[in-house]
4 protein chains.
Amino acid sequence: MSTVAFIGLGNMGGPMAANLIKAGFTVKVFDLVPEAMQALAEQGALTATSACGAAAGADIVVTMLPAGKHVRSLYVSSDANDDTKKGLIDVVAAGTLLIDCSTIDADSARFVAEHAANKGLEFIDAPVSGGTAGAAAGTLTFICGGSDKAFELAQGVLNAMGGNIFHAGGPGAGQVAKICNNMLLSVLMVATSESLQMGVDHGLDPKVLSDIMKVSSGGNWTLEKYNPCPDVMDSVPSSNGYQGGFMVDLMVKDLGLSQEAALLSNSSTPMGALARSLYVNHAKQGNGKRDFSSIFELFAQSEQIKHKG
Amino acid sequence: MSTVAFIGLGNMGGPMAANLIKAGFTVKVFDLVPEAMQALAEQGALTATSACGAAAGADIVVTMLPAGKHVRSLYVSSDANDDTKKGLIDVVAAGTLLIDCSTIDADSARFVAEHAANKGLEFIDAPVSGGTAGAAAGTLTFICGGSDKAFELAQGVLNAMGGNIFHAGGPGAGQVAKICNNMLLSVLMVATSESLQMGVDHGLDPKVLSDIMKVSSGGNWTLEKYNPCPDVMDSVPSSNGYQGGFMVDLMVKDLGLSQEAALLSNSSTPMGALARSLYVNHAKQGNGKRDFSSIFELFAQSEQIKHKG
Amino acid sequence: MSTVAFIGLGNMGGPMAANLIKAGFTVKVFDLVPEAMQALAEQGALTATSACGAAAGADIVVTMLPAGKHVRSLYVSSDANDDTKKGLIDVVAAGTLLIDCSTIDADSARFVAEHAANKGLEFIDAPVSGGTAGAAAGTLTFICGGSDKAFELAQGVLNAMGGNIFHAGGPGAGQVAKICNNMLLSVLMVATSESLQMGVDHGLDPKVLSDIMKVSSGGNWTLEKYNPCPDVMDSVPSSNGYQGGFMVDLMVKDLGLSQEAALLSNSSTPMGALARSLYVNHAKQGNGKRDFSSIFELFAQSEQIKHKG
Amino acid sequence: MSTVAFIGLGNMGGPMAANLIKAGFTVKVFDLVPEAMQALAEQGALTATSACGAAAGADIVVTMLPAGKHVRSLYVSSDANDDTKKGLIDVVAAGTLLIDCSTIDADSARFVAEHAANKGLEFIDAPVSGGTAGAAAGTLTFICGGSDKAFELAQGVLNAMGGNIFHAGGPGAGQVAKICNNMLLSVLMVATSESLQMGVDHGLDPKVLSDIMKVSSGGNWTLEKYNPCPDVMDSVPSSNGYQGGFMVDLMVKDLGLSQEAALLSNSSTPMGALARSLYVNHAKQGNGKRDFSSIFELFAQSEQIKHKG
């Protein structure tokens, strides 16, 4: 089995690295938070004192970081003459496969991919979906951008951490496909919420209406898996006070990335732009840490809101 | 088998009545257009010289009309003292089941249902989806509003004309559920279009992106059955110059009904309202007779538009 | 001086009738609430026991009612054979001028105007703006629909109650012009709020930014008279906890009328439709009785909201 | 009189530099296009062979460039060790005042201001409005960001090129204020267009409706100066086939900057975001080079469009 360097051991990265250990990979980890490294060490990981230290000698590098600027500065040296500022692509061995699982802007992904290619290295952007539960269970979805060869090479590692693995296209395509999907998801959530509530406002039972629309032309993922109206489905955040799930703040982040992408490509996304405005407003009213299906409350009557508390 | 009066023999009503004949019902038809009646007569229908004439003596009355005002004036007499203005509910026998398959405003459906109830008659609003193709093939979907008893009684007739038959709730609920669904559908179509085009603007293959989103959290009916991007799916309007299918003008009508419903119930439908604006603008640019997935062209680059032209 | 019948003595109608008395008109009033009539009687009004009783013998009838259905049923008899259901146009003398100051749907205004014309009577729809303060001060703005002759005849009465008097066109045009204006106003308010807050989010002083935009191409009525950002202007609701002024619920009503009008004429109003959605949501969060400039809080950071709270 | 270096002699910069010459300044120009420099030389300018050559020895530097990346790389050296890559702030004399009149993102303006401050130099961001006509006539509006001292020092030069000069705040505030204003303007234009057309759809005269709203609470700059409905005002683009004026493509650029700013500050701008989507769509339908008031055609009936066509 090959050696994997794993950098970034947060809520997502930690369990992902743990699954690589379980799958038999030799895993060398690094994180700025010592406790995060310690937790992985107890599960069998080797630790390093720097990101470059972890990456040196690895066959595959996997990174999981908060934003594009972190990914850029980790992979690409800001000053080639200063050894203390070396990037990962300066220190890894020839033939090392680089996989970034962060959700970041496509431009940053393309920037790193290009620098990697200049050094003869393969780089894949492989943002995930599935949340912390999927990370722990090893059932994440990966949407990848990169060459066919790199995508092929990444299969072993990605399979150890997730279920569905998609190849969206060349460098950056993984990030683009993910934000296209999440932008669309945000609109599905808002539109399903307003449609269900309009039915309720006319006296319909939201469960009956959901059942009808689910198998009709209004059918969509939120009606299948994640109904935003309380007490229509079991085991979803809407039936649990909108706790858990995918936080409003994270949807706001992804919608920000989607609008950044739309500006770059001069694309028009009226629904996605409106969804971003509604979600930002929703976050500002104090709902940032609640599940993103709580946008349903925007449409419910105040009495209902009060009742649900 | 029972006798069915069928009133309104247009593009939808004609083939629906024909399917009732095929199923063995005695069908007595009326339409203001003699040729429409003649066509049904040739298939075995009896004809009448007025709507009331067709309805008198029938066990079941089915109507298929353009708008709420037609349904109101057909069923409910505008002047009880004037025999020439009698409504259907004044002339039908006790126990006759009334089924209106028109897509109209919920208020009109409730108005007729209430008048029918006052005469001891059962009334169902049962708007359809599935288009002229579904009407001909007998595979329409019916979304019904009315009592459990009436819904039970209607099964035989509705099964002869369609496949899925839903019971959305009491009087008017069929209309409400249908416009909730179609409003949601319109948003799915616009949002899927803008998401796909943003991917294309970043160099992604729309087919690959569609395949990814279809099985991810962006999954929805338009990706499954009705992809708006040309040449992604076979046998859909987008791969045929946006001919056939469900016309923009009809979506504009349904979105108008949805906004009328939203006003009545003081509901907020930001996505549905925006979809209506975009579709009305699209119709005004000369696209009223094209399929509603042609909204995709709003987002495509002009060169692409020219190319597809 | 002529005799004026005034029907509908609410928050607006009461002070309007009082101003007619002050101007020397003989005023005969009716309202369903006896106390409202009593208050006017103390200021010199004659009282009647029914609307028709007030109108009989008057030279001019002025009405101020909540909604279109009230105006329709007051003016137009629902049953010509039933004396107890007579409408105003059945009882007034030939040559009586009818002026409806209610803010209602244009269709109802046209309906009454047509029935009045059939009886040879002149009818004007004359919705007002200026609020209860303007009603008391006699500085209301009237936007009128009706014939040139009727508009000419109405000058005396309208001048006694207001300042600006506009002639928007034929029957119904007053209502249309008012809702076009108020729809536009709602968008100005939202767009000015979001623009100011974006400046604040970037560290700008809202007063400085307001001063710049006011005299630039972003200039509009809200920056001139009604700045939504707290503490930019004195004596406006935003500097008084959004108390007083023009209530969110009333803006929701007017935006509902605007969307009803847009449906009737197949017009596309993306901005107005979005403003309605945002205002309905705002009302549902418990802000219905606050001034409509409180929509600003939708865009402010939660800390700021808490601070102002 | 002081010496001014002017860099960037396009449609705006050329006439601005010419006005400085007329006002008696010694003007040293640079542009990558030799013909642009030659035109200014004929009006009395000195020419330079590089931007740094123009700036060396000047008391004041004025720049007018297309985008933030040009401004960044012109002012700030990308490599301090490479003389061929020196930035303006490396070569100007102590005490030189730097004024950038480009319309760019606020971040770039702040970036340059910070680097200038590190060298002890004063920098002002001073984007303009008023178009090429205002540039030629010397009636531009400047919206400035920078210190009080720098703003004071800039008066002489700015006065020679324009009329209104605003001080919006510290570094970057000029850019922020300008895009807040232009975002608001775009919404005024769309909302005024849809309101006027809804009135027209109900039979109102757009001139009468404009006159009423202009002095009512719907009053705004577009009704005062730039009515989008053909034939309401003389001498505006709408009465001239939407030729001239402020191009749709430029509004799309400014709306892109506004959304970039909204992302940076986590601001919600639903109206501005919707306006961007509508304007991008409008540009993609082939209207990029027409005046931005042509968005009116989105709402007009197709027959009207055909007629005006």
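Modeller: Helix axes are lines fitted to C-alpha atoms over the stretch in contact, and the angle between two of them runs from 0 to 180 degrees between N-to-C directions. The model discussed here is predicted.

Colleague: What makes H9(B) oblique to H10(B)?

Modeller: The axes of helix H9 (residues 173-201) of chain B and helix H10 (residues 206-214) of chain B come within 9 Å and cross at roughly 130°. Angles over 145 degrees count as roughly antiparallel and those of 65 to 115 as roughly perpendicular, while the rest, once those under 35 are also set aside, are oblique; the crossing angle therefore makes H9(B) oblique to H10(B). The crossing of these two helices is right-handed.

Colleague: Which residues make the contact of H9(B) with H10(B), and how do they divide into nonpolar, polar and charged?

Modeller: H9(B) contributes B:Ser195, B:Leu196, B:Gly199 and B:Val200, and H10(B) contributes B:Pro206, B:Leu209, B:Ser210 and B:Met213. Five of the contact residues are nonpolar, three are polar and none is charged, with Gly counted as polar under the classification used.

Colleague: Why is H12(A) called roughly antiparallel to H12(D)?

Modeller: Helix H12 (residues 248-264) of chain A and helix H12 (residues 248-264) of chain D have axes that come within 10 Å and cross at roughly 155°. The cut-off for roughly antiparallel is an angle over 145 degrees, so H12(A) counts as roughly antiparallel to H12(D). The crossing is left-handed, and the contact is made by Gly256, Gln259, Glu260 and Leu263 of chain A together with Gly256, Gln259, Glu260 and Leu263 of chain D. By class, the residues of this contact are two nonpolar, four polar and two charged.

Colleague: What makes H9(C) roughly antiparallel to H9(D)?

Modeller: Helix H9 (residues 173-201) of chain C and helix H9 (residues 173-201) of chain D pack at an angle of about 165°, with their axes 9 Å apart. With over 145 degrees as the cut-off, this angle makes H9(C) roughly antiparallel to H9(D). H9(C) passes H9(D) in a right-handed crossing, and the contact residues divide into 17 nonpolar, six polar and two charged.

Colleague: How do you know that E2(C) and E3(C) pair, and how many bridges join them?

Modeller: Pairing requires at least two bridges between the strands, and two bridges join E2(C) (residues 26-30) to strand E3 (residues 46-47) of chain C, the two strands running parallel. One of the bridge partnerships links C:Lys28 with C:Leu46 of E3(C). The chain passes between these strands through helix H2 (residues 34-41) of chain C, in a right-handed β-α-β crossover.

Colleague: How many bridges join E1(C) to E2(C), and what do these strands make with H1 (residues 13-22)?

Modeller: Strand E1 (residues 3-7) of chain C is joined to E2(C) by five bridges, and the strands run parallel. C:Val4 has C:Val27 as its bridge partner in E2(C). E1(C), helix H1 of chain C and E2(C) make a right-handed β-α-β unit.

Colleague: How do you know that E5 (residues 97-100) and E6 (residues 122-125) of chain C pair?

Modeller: The requirement is at least two bridges, and E5(C) and E6(C) pair in the parallel sense over four. Within this pairing, C:Ile99 has C:Ile124 of E6(C) as its bridge partner. The connection from E5(C) to E6(C) goes through helix H6 (residues 106-118) of chain C as a right-handed β-α-β crossover.

Note on methods
Residues numbered from 1 in each chain as written. Chains lettered and ligands numbered in written order. Predicted model: local features only at pLDDT ≥ 70, side-chain atom pairs only at ≥ 80, totals over all residues. Heavy atoms only, no water. Left-handed = near helix turned anticlockwise from the far one by under 90°. Contact = heavy atoms within 4.5 Å. Right-handed = clockwise from strand over helix to strand, strands pointing away.
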